[in-house]
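Trainee: I should like to understand how the terms used for a protein model are justified. May we go through them one at a time?

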Amino acid sequence: MKKADVIIVGSGLAALQTARELNPELNVMIITKGTRRGSNSYMAQGGIAAVVAKDDNIARHFEDTLEAGRGHQIEEEVHSLVTEGQRIVQELVDEGAPFDRNNDGTLSLGMEGAHSRKRILHCGGDETGRFLIEHFLKTLSENISWVEEEMVFELLQNSEGACIGVKTMNRKGAIHAYYAPIVVMAAGGAGGLYSSTSNHPTVTGDGMAAAFRAGAYIADAEFIQFHPTLLYVDGKTKGLISEAVRGEGAHLFNDAGERIMEGVHPLKELAPRHVVAQRIFEQRQMGRDVYLSIKLINQFEAKFPSVSAMCKENGIDLSLGRIPVSPGCHFMMGGIVIDSAGKTNVEGLYAVGEAACSGVHGANRLASNSLLEGLVYGKRLAHGINAQKRPLLFNPEEEKDTQAREPERKSAALFDVKEFQDRMMDSAGIIRDSVKLEAHLNWLHGIDFQLDDNLDALQPKDIGKYFMWINSLIVTRAALLRTESRGGHIRSDFQEEDDTFWLKRRIIHALEDGEMRTWIDEQVKTKIYA
């Protein structure tokens with residue numbers, strides 16, 4: 001019997017922060033469908049936003065976060081994020097985390113979009129994620145075991161509906177079961193739903209879909225952040241060009257030589273991400289190419305080694321001083337609804353990081369608040385678990401065979417992944433309207449999947465498609481229902497924010513009796529859990 005006290009699904013910063021803060025006497029198992037270095041966190045370039053500078057304060061960080069999220073947040077959660085985050089980042093500094101420093105030994109702080117002060121701590125220039133993940137991996141205690149290259153595709157539940165473990169499948173189709181009274185879903189992100197994304201290619205929202213099938217509430221799925229600047233070569237996006245590049249003085253111009261952010265927003269290139277992404281998208285729809293001018297940045301390659309290497313690998317001559325860019329899916333503001341302690345409405349199931357909808361990001365995440373969220377909520381969740389008495393929530397007779405097995409496979413009615421991603425980009429991407437959203441929803445309904453399908457009989461690659469299908473349904477339904485434009489949700493047929501009806505209202509999805517139930521919650525200021 002494969003058992004643990006706590007199972008953590010995912011290998012990003014939120015997962016590792018939770019693991020390392022758990023009591024070392026607990027038996028902790030981390031399960032990831034890739035490797036421990038294959039997460040979105042590992043790819044993160046920008047850094048962590050925190051109040052460190054003498055000319056900065058909590059109130060400014062709080063207000064910047066609310067402004068970027070267009071007031072859709074739970075304000076007490078935002079205040080907790082920035083206050084607890086300040087303390088946690090200082091603890092990381094004190095323990096020797098490899099943050100970049102100036103020649104005088106002080107912390108080097110960067111500027112990013114929608115921030116009113118320099119408050120971005122970074123590592124290795126633009127390799128913050130890699131440096132921090134490596135640092136965290138070194139600090140994990142011996143009570144933590146790893147299961148790599150196994151995808152969690154189902155949450156195991158007892159007769160009362162409590163989560164008691166997970167079911168996984170490896171690339172060959174072998175199925176395993178692992179049991180624990182506490183399961184933490186930290187497999188966040190769904191960039192793989194779109195043809196243009198900054199995410200790791202394996203990131204398709206598995207955690208959200210699996211939790212949804214187990215009865216967890218999903219909220220704010222329509223709010224998807226498209227990063228303005230991905231490297232764009234030969235009609236394809238190739239990887240992220242960190243916002244820190246614009247923070248260092250890069251500006252955006254089109255092939256006619258026009259500064260495209262002039263007169264669009266007072267912060268120009270450092271406007272909130274949805275504003276910059278929309279502007280670049282509109283330029284491309286007009287047939288214009290868009291570039292980042294890096295001519296004003298001294299020692300660009302030294303400051304941005306990761307970006308520079310990626311550009312050179314794709315044939316970009318940096319001596320010309322410009323980088324071709326286009327927007328791509330970057331971050332989901334919504335996800336599995338949690339309370340302040342990371343608890344979902346499903347007993348025994350918790351969520352943290354991008355997989356969770358904590359209420360801190362609202363309609364558009366402030367740059368570099370994502371790693372901060374993982375640190376804050378990971379520590380808070382771990383401490384809550386440490387304080388619990390841990391009765392087993394399952395009986396031996398309910399446990400299933402844990403031996404690897406390969407059931408008979410059925411061929412699913414499949415779709416072409418590229419066509420799917422292109423459809424999502426066109427219909428539920430940066431700019432949306434009711435006609436395209438309804439057409440895409442009808443197309444999704446024509447795919448031969450059911451929300452309560454038995455996944456044991458599917459091929460591993462088909463389970464990935466199945467989760468993409470579920471997440472697309474959730475995103476598209478939410479985007480169609482929210483008849484306004486707010487943050488990362490932009491409707492061409494409802495171009496203004498509608499505070500009268502939509503301010504502080506969330507769209508919630510849940511699976512009940514094999515059907516998706518969707519409703520509008522009017523109590524966004526309270527925590528949403530059973």
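Trainee: How many residues of each class, nonpolar, polar and charged, does the lining of the second largest pocket have?

Mentor: Please keep in mind that this is a predicted model. The lining of that pocket has 16 polar, 10 nonpolar and 9 charged residues. The pocket has a volume of about 860 Å³, and its lining comprises 35 residues. Gly192, Pro201, Thr202, Val417 and Gln421 lie nearest the centre.

Trainee: Why is Gly192 counted in the polar class and Pro201 in the nonpolar class?

Mentor: The classes are fixed by residue type: Pro is on the nonpolar list, whereas Gly is placed among the polar residues.

Trainee: Which element gives the largest share of the lining of the second largest pocket?

Mentor: Helix H12 does, with 5 residues. Other elements that give two or more residues include strand S7 (150-157), strand S8 (163-170) and helix H14.

Trainee: Which residues of H12 are buried, and what covers them?

Mentor: Phe420, Gln421, Met424, Met425 and Ser427 are buried in H12. Their cover includes strand S12 (224-233), strand S16 (322-332), helix H13 (434-445) and H14.

Trainee: Why might residues a few places apart in a helix point the same way?

Mentor: An α-helix has 3.6 residues a turn, so residues three or four places apart point the same way.

Trainee: What makes Asp416 a cap of H12?

Mentor: A side-chain oxygen of Asp416 lies 3.3 Å from the backbone nitrogen of Lys418, at the N-terminal end of H12. The cut-off for a polar contact is 3.5 Å, so a distance of 3.3 Å satisfies it.

Trainee: Why is Asp56 called buried?

Mentor: Its relative accessibility is 7%. Buried means under 20%, so Asp56 counts as buried. Asp56 is found in the loop between strand S3 (48-49) and helix H3 (58-68).

Trainee: How do you know that the side chain of Asp56 makes a polar contact with the side chain of Arg119?

Mentor: The distance is 2.8 Å. The limit is 3.5 Å, and one atom must be able to donate a hydrogen and the other to accept it. Asp56 also touches Ala50, Val51 and Arg117.

Trainee: Is Ser196 buried or exposed?

Mentor: Ser196 has a relative accessible area of 14%, and is therefore buried by the limit of under 20%. Ser196 touches Thr237, Pro327, Gly328, Cys329 and Met425, with residues up to four places away in sequence not counted.

Trainee: Why is Gln90 called partly exposed?

Mentor: Gln90 has 38% relative accessibility. Buried is under 20% and exposed is over 50%, so 38% falls in between and Gln90 is partly exposed. Gln90 is found in helix H4 (residues 75-94).

Trainee: What is notable about phi in Arg70 and in Ser368?

Mentor: Phi is near 55 degrees in Arg70 and about 65 degrees in Ser368. Both values are positive in residues other than glycine. Most residues other than glycine have a negative phi. Arg70 lies in the loop between H3 and H4, and Ser368 in the loop between strand S19 (356-357) and helix H11 (369-386).

Trainee: Are Arg70 and Ser368 buried or partly exposed?

Mentor: Arg70, with a relative accessible area of 25%, is partly exposed. Ser368 is at 4%, and so counts as buried.

Conventions: Residues numbered from 1 in each chain as written. Predicted model: local features only at pLDDT ≥ 70, side-chain atom pairs only at ≥ 80, totals over all residues. Heavy atoms only, no water. 1 Å grid on protein atoms, 1.4 Å probe; cavity = no way out; pocket = protein on both sides within 12 Å on 5 of 7 lines; lining within 4 Å. Points joined across faces, edges and corners; volume = space filled by probe spheres on them. Helix = DSSP H or I, 4+ residues; strand = E, 2+ residues; numbered from the N terminus. Buried < 20%, exposed > 50% of the residue type's maximum accessible area, 1.4 Å probe, protein only. Contact = heavy atoms within 4.5 Å.
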